[in-house]
Amino acid sequence: MRRFFGRPRAVGPLWHATASVIALVVLAPLGALAWTALGAGAAHWAHLFEHVLPRAAAQTVTLLIGVGLLTAIVGTGCAWLVTRVDFPGRAVLRWALLLPLTVPTYIAAYSYVDLLHPIGPFQGAVRALLGFESPRQFRLPDARSMGGAVLVLSAVLYPYVYLSMRAMFSTQPARLMEAARLLGEGPWGAFLRVALPMARPALAVGVGLVLLEVLNDVGASEFLGVTTLTTTIYTTWVTRSDLGAAAQIACAMLAMVALLVWLERQGRRRQRAGSVRAMRPAARRRLRGASAWLATAAAALPVLIGFVLPAGHLTVLAWKRAVDGHGLSPEVLSGAMHSSGLALSVTVIAVAAGLVVAWASRSTGGAGRPRAWWLGSAALGYAVPGTVLAIGLLPPALAVDGWIADLLGLPGLPLMSVGAVLVVAGAIRFLALPIGGVEAGLARLPAPLEQAARSLGETPFGTLRRVHLPLLRPALMASALLVFIDVMKELPASLLLRPANVETLPTLLYAEAARGSYEHGALAALLIVAVGLPAVLLLSREPAERTPPAPPVPDARSDAETPAAYVAMKGTT
């Protein structure tokens, strides 16, 4: 009986070997990156430390601090408003605050650089209102600055903090806030001394994800005139063709990533979320009069800046192009086809690999060390910026390409020319999403289902195929959707690893912005934004709000099916 109703038996060695190979494939670019950096010589390091790294590192740290602070304030404030306060439009703004997730950072920068240009529509309207005729008479500060970069990036990245903090505030019990109020604390005191400290783990996760996205960004920083480590890696490789120096800068950037991950875990250390079963949630306080409309304006402002203005500006540009007879150009259509093909290929590989790793790790019979090794290594790709991953993947990819070309007598680089290296990079980068999704799905399945199947003689693979896979279909579909959308928006790896003369929608938009022809890339940008809308619809689905009196509250494990699952998936690293 213990054999059938105890802990699940370990799967065969083939599953373990496959999971190990997947983890090693994820780690291979990092090993190659370190090897390339060491082989470049000490002279490169001396030049980088004297002329390159100080300025790039200073601007990167400044950008990280500014975006981290602003997203923490905006995300936490909006989450507190929609969970603890009742005001006009709250139900709509609860999900509308997620809309900036559909706007990649480089598209937001692309839109605002054109919108806020000295001869653009916004500054032209301001001058007309003030009675000025020329930019020489009056002009606003240039958006291409560090302050502009902080504002633009924060406007589209705050939903990471908002998602995690909203989930945390929704599950905090009312008795703690009531006890603080009984002890003489006002609303602000109770928030700062009770609610916010309890939500520190969620804040650390949300801000950590924001900072990783900032480090991954290359397009927005370049458009806005900020020299970060990521843009320095890109220009060093593309402009100077110096792979060794690019690898050394990438290693410095990896050290910064490791520091961010460590700080995020320190923020969650010794913090334990208790069970919310049978806890009475806090009642929302209804606002009236001017304070109610002020709360509506405060919650709507991030949506206006992060989604309505950039998406509206792109829509106007695309409409003008269509009116002038320039509709869906062959370049945009070709870019959409290439992006879709790339996203579909990466999605299939990433979901299959994530299923293998999660299943093999779950069935190790409690062997903690192999489980941690597989999961930690395979999910590491999301923490690595796309530019760093591409630089690390180039040396082994070129070596394998050369070997295949010699073996088959093919000219050139066969894998690079068909986009196989870019597909591998995308699968490594977003493997954490299906791993987290499948793990969350497996954790929700009742153990007796597997035990009954095994007692009837099913093998581990048969149990997976006939019992788990049908029940995991929602988790697999959600993971596949998130991977597909993220790949459609991916710019850094696509810039470095795409085949020659092949453009995806992000690289096409990047090229148009580099030429200054913003209106030509408006339709491509709108298509990328439209692709992200299904993710917002998925993330906005959650159980009915817990409004008192309605105890007992559903078990906290159901939160894995809510928008917070997206944060949990990406927080696997």
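Arg90 counts as buried, with a relative accessibility of 6%. That makes a good starting point for a tour of this model, which is a predicted one. Arg90 has a charged partner: a salt bridge joins Arg90 to Asp86, and their closest N and O atoms are 3.7 Å apart. Asp86 counts as buried as well, at 18% relative accessibility.

**A network around Asp86**

Which other residue forms a salt bridge with Asp86 at 3.2 Å? The partner is Arg286, with 3.2 Å between the closest N and O atoms. Here the sequence and the fold tell different stories, so follow both on the model: Arg286 belongs to strand S2 (residues 285-286) and Asp86 to strand S1 (residues 85-86), so the pair ties together parts that lie 200 residues apart in sequence. Is Arg286 buried or exposed? Arg286 is exposed, because its relative accessible area is 52% and exposed means over 50%.

A search of the whole structure turns up four salt bridges. Another of them joins Glu490 and Arg429, whose closest N and O atoms are 3.8 Å apart. This pair also links distant parts of the chain: Glu490 sits in the loop between helix H22 (460-489) and helix H23 (492-497), while Arg429 is in helix H19 (residues 420-429), 61 residues away in sequence. Glu490 and Arg429 are both buried. Back at Asp86, shared partners join Asp86, Arg90 and Arg286 into one network of salt bridges.

Here are three of these bridges side by side.

| Salt bridge | Closest N and O atoms |
|---|---|
| Arg90 and Asp86 | 3.7 Å |
| Arg286 and Asp86 | 3.2 Å |
| Glu490 and Arg429 | 3.8 Å |

**The chain as a whole**

Now take a step back. The chain has 26 helices and two strands. Of its 573 residues, 52% count as buried. Among contacts between residues at least 6 apart in sequence, 82% join residues at least 24 apart. The chain exposes about 25900 Å², and carbon and sulfur atoms supply 67% of that area.

**Inside the fold**

The largest nonpolar core holds 158 residues, and the members that touch the most others are Ile107, Ile391 and Leu497. Try picking out Ile107 on the model. Beyond its neighbours within four places in sequence, Ile107 is in contact with Leu314, Leu509, Ala525, Ile528 and Val529.

Ala220 is another residue to look for, and its place is in helix H11 (residues 219-223). Ala220 is buried, because its relative accessible area is 1% and buried means under 20%. Leaving aside neighbours within four places in sequence, Ala220 is in contact with Thr105, Tyr106, Ala109 and Leu153. How many residues separate Ala220 and Val113 in sequence? They are 107 residues apart along the chain, and in space their C-alpha atoms are 9.8 Å apart.

Thr230, found in helix H12 (residues 229-238), also counts as buried, at 1% relative accessibility. A polar atom of the Thr230 side chain lies 2.5 Å from the backbone oxygen of Leu215. Leu215 is also among the residues in contact with Thr230 outside its neighbours within four places in sequence, together with Asn216, Asp217, Val218, Met253 and Thr387.

**Out at the surface**

Not every nonpolar side chain is hidden away: Leu301, Leu304, Ile305, Val308 and Leu309 form a nonpolar patch on the surface, with about 380 Å² of accessible area together. Within this patch, Val308 has its place in helix H14 (residues 290-323). Is Val308 counted as buried, partly exposed or exposed? Val308 is partly exposed, with a relative accessible area of 42%.

A final stop is Asn501, in the loop between H23 and helix H24 (505-515). Asn501 counts as exposed, at 83% relative accessibility. What is the phi angle of Asn501? Phi is near 65 degrees, a positive value in a residue other than glycine.

Methods
Residues numbered from 1 in each chain as written. Predicted model: local features only at pLDDT ≥ 70, side-chain atom pairs only at ≥ 80, totals over all residues. Heavy atoms only, no water. Patch = residues over 30% accessible without salt bridge, like charges linked within 9 Å, V, L, I, M, F, W, Y side chains within 5 Å. Areas by Shrake-Rupley, 256 points an atom, 1.4 Å probe, with all protein chains shown as cover. Helix = DSSP H or I, 4+ residues; strand = E, 2+ residues; numbered from the N terminus. Buried < 20%, exposed > 50% of the residue type's maximum accessible area, 1.4 Å probe, protein only. Core = buried A, V, L, I, M, F, W, Y, C linked by side-chain atoms within 4.5 Å. Contact = heavy atoms within 4.5 Å. Polar contact = N/O pair within 3.5 Å; in protein donor to acceptor, adjacent residues only side chain to side chain.
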